[in-house]
Amino acid sequence: MRPLFFLLAAGHTLAQLVDTSTPADVTATPTTIPTSTPLVDATTATDETTTTPTDSLSAPVDSFISSGTPTDTAVLAAATEFTIVDVTEGEATPDPDADKPRLDTTPAQHLLELEANKGPEGPISPENARAVAILETGLFEHFAVNAPAPVDAAYLTIPDNITNCTPQNKRRSLLSTERIGSLLRPRVIGPLDSEFHAAGNEKRSLVPIDDPDNCEWTERLDIPVYFRYVQPEYKHNEISKGALMTRIKDQLAFANKEYNPLGIYFSLGGLKVYDPVEKGTKEQMDWYVLTKNEAKLLRWQKATRVDSKRALTVWLVYGLRSPDAKPEDTTQLLGYGTFPDGENKDWTKDGIVMLQDLIWKNGGTFIHEVGHWLGLRHVFYTIVDKKADDCKKGDGLLDTTHFPGFIDEVFNCRQVPCKSKDKKEVPNLNWMSYSDCQGDVPGHGFTTDQKARMFAYFVHYRKGYASMECKPKALIKKRSSMQDLLDGKCPDIDKQIEIIQSTPIQEDKEDGASMRSASMAVIAGAVGVMAWML
């Protein structure tokens, strides 16, 4: 259980709390992806999806500015603002601050995080909504039977009667009803086959790739992670580069402990530290506090992002503010991750931006923001000030994954799921919540439906479909809703498409201030609000 912290009024800044816990015993070993090995993304090309451009990790992948020759004006401008230092794993040194007081986050900061992670940049097209709705449910059925999340083991049962559903799809399909078989028999695509296919090596087979009885499921995702840290000013040596490397390695070990049971593996791609110029304009010299989407931050992101949708770039900063923060507001924004979907997505800033001090051996902010990067929303959907307005909408996951967003309950450890029949309180351990006991049981912070969504979004938007991989076209008459599957109901494709398309989109304007001020007023009047530690 995390320490109890009482918030007496709104507007408090970062509070510190001593953490004396020992490093977690990391039993999972992350897969290492050598930076000299090219990983070429498969190209998405089916009549149920939009085409995803091919991109690659070329060797050496982590030298975009120092050895590359970018021509974009913004990239060149960013490159002249820094001295760049590569930090290798061999330079890792013990972190003298490993057991120092960490940041204890407040409800006010979580409201900022919520605003910064509303959803994708722009609406989701009907074609993409249809594709991911069908794909995630096919994956869910496969995972529920073969590889459920630890928290769901022995609890998920798929009724037999759903195999008799007649197609409810309005779109024409080339598959006859007789050819639609059980989704539980496709061959499983392993990690080696997955990389083999992704590198452009096609299997030769007479089996049609649109046959759901013979397509293959991706069961493992390997994601290299590249860290960039900008020092707040020239020669600012408060943070040792070697100690930062140690914290990053500890953070990835913790992330793997949570994500490996789902089949998701992170490896360290590299760390670059950027030292601002000694003399220049204030904008060039001062990097103490950055604002989300401000011009120089975007220049730095565009210049330093690893050019692959399959790789995760993490930008670490000394201080971070919300775009609509007032000058006198010193509340820090914890971080934000970009979602993979959205028709207006700007891939040049794809990744995670977060406070560097939240990268450490038990860092939950990184776990949470990675969830957003992989396509997960908050389990409470949104925060409301009135109980009557709570639980009105969900994001298409299972009913048991939908928790309350009422301001008086959303930070509590024990909560009643929105559609609970017995109204019984349960510990909300989910990493995509704001619960005080978020992640308290190792490996139980994600559910099987969340796993299916992360895999579906990664395959559809980031990796692309390999030659024998199960595609939405092959599955379209079979499934569309994970909850329908558990309820033994025939799928309603159009309903699920509507849910996915109704996801809030990210608009970084001052239109979020009224929601936050209303919620802050509720917090200000509450005594004994429990905060949680990231």
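This is a short walk through the helix, cores, loop residue and pockets of the structure above. Keep in mind along the way that the model is predicted.

Let's start with helix H3, which runs over residues 126–146. At 1.5 Å a residue, its 21 residues should span 30 Å, and the C-alpha atoms at its two ends are indeed 30 Å apart, so expectation and model agree. Is this helix enclosed or open to its surroundings? Of the 21 residues of H3, 17 are buried, so the rest of the structure largely encloses it.

From there, turn to the nonpolar interior. The largest nonpolar core holds 84 residues, and Phe227, Tyr259, Ile264 and Phe366 are the ones that touch the most other members. Tyr259 is a good place to pause: leaving aside residues up to four places away in sequence, it touches Ile264, Phe266, Ile367, Val370, Gly371, Leu374, Phe446 and Met454. Apart from this core lies another, made of 9 residues, including Leu114, Ile383, Ile407 and Phe411.

Next, have a look at a loop. Gln231 sits between strand E9 (221–230) and helix H5 (241–259). Is Gln231 buried or exposed? Its relative accessibility is 2%, under the 20% cut-off, so Gln231 counts as buried. Its contacts, again not counting residues up to four places away in sequence, are His236, Asn237, Lys241, Val273, Tyr274, Asp275, Pro276 and Trp287.

Now for the pockets. The largest has a volume of about 890 Å³. Its lining is made up of 28 residues, and those nearest its centre are Asp152, Asp399, Thr400, Thr401 and Pro417. Strand E17 (426–427) and helix H11 (482–487) each bring at least two residues to this lining, with H11 giving the most, namely 3. By character, the lining of the largest pocket splits into 11 nonpolar, 9 polar and 8 charged residues.

The second largest pocket has a volume of about 510 Å³. It is lined by 25 residues, and Leu397, Asp399, Lys419, Lys495 and Ile499 come closest to its centre. You may recognise Asp399, which is also listed among the residues nearest the centre of the largest pocket. Helix H11 returns here too: H11 and helix H12 (493–501) each supply at least two residues of the lining of the second largest pocket. Which kinds of residue make up this lining? The residues divide into 6 nonpolar, 9 polar and 10 charged.

Key. Residues are numbered from 1 along each chain as its sequence is written. This is a predicted model: local features need pLDDT of at least 70, side-chain atom pairs count only at pLDDT 80 or more; totals for chains, interfaces and linings use all residues. Side-chain values use heavy atoms; hydrogens and water are left out. Helices (H or I, at least four residues) and strands (E, at least two) are DSSP runs, numbered from the N terminus. The expected span of a helix is 1.5 Å times one less than its number of residues. Buried means under 20% relative accessible area, exposed over 50%, partly exposed in between (1.4 Å probe, protein chains only). On a 1 Å grid over the protein atoms alone, a cavity is a set of points where a 1.4 Å probe fits but cannot get out, and a pocket is an open set with protein on both sides within 12 Å along at least five of seven lines; lining residues have an atom within 4 Å of a point. Grid points are joined across faces, edges and corners, and a volume is the space filled by probe spheres set on the points. Ala, Val, Leu, Ile, Met, Phe, Trp, Tyr, Cys and Pro count as nonpolar, Asp, Glu, Lys and Arg as charged, and the others, Gly among them, as polar. A nonpolar core is a set of buried Ala, Val, Leu, Ile, Met, Phe, Trp, Tyr and Cys residues joined through side-chain atoms within 4.5 Å. Contact means heavy atoms within 4.5 Å.
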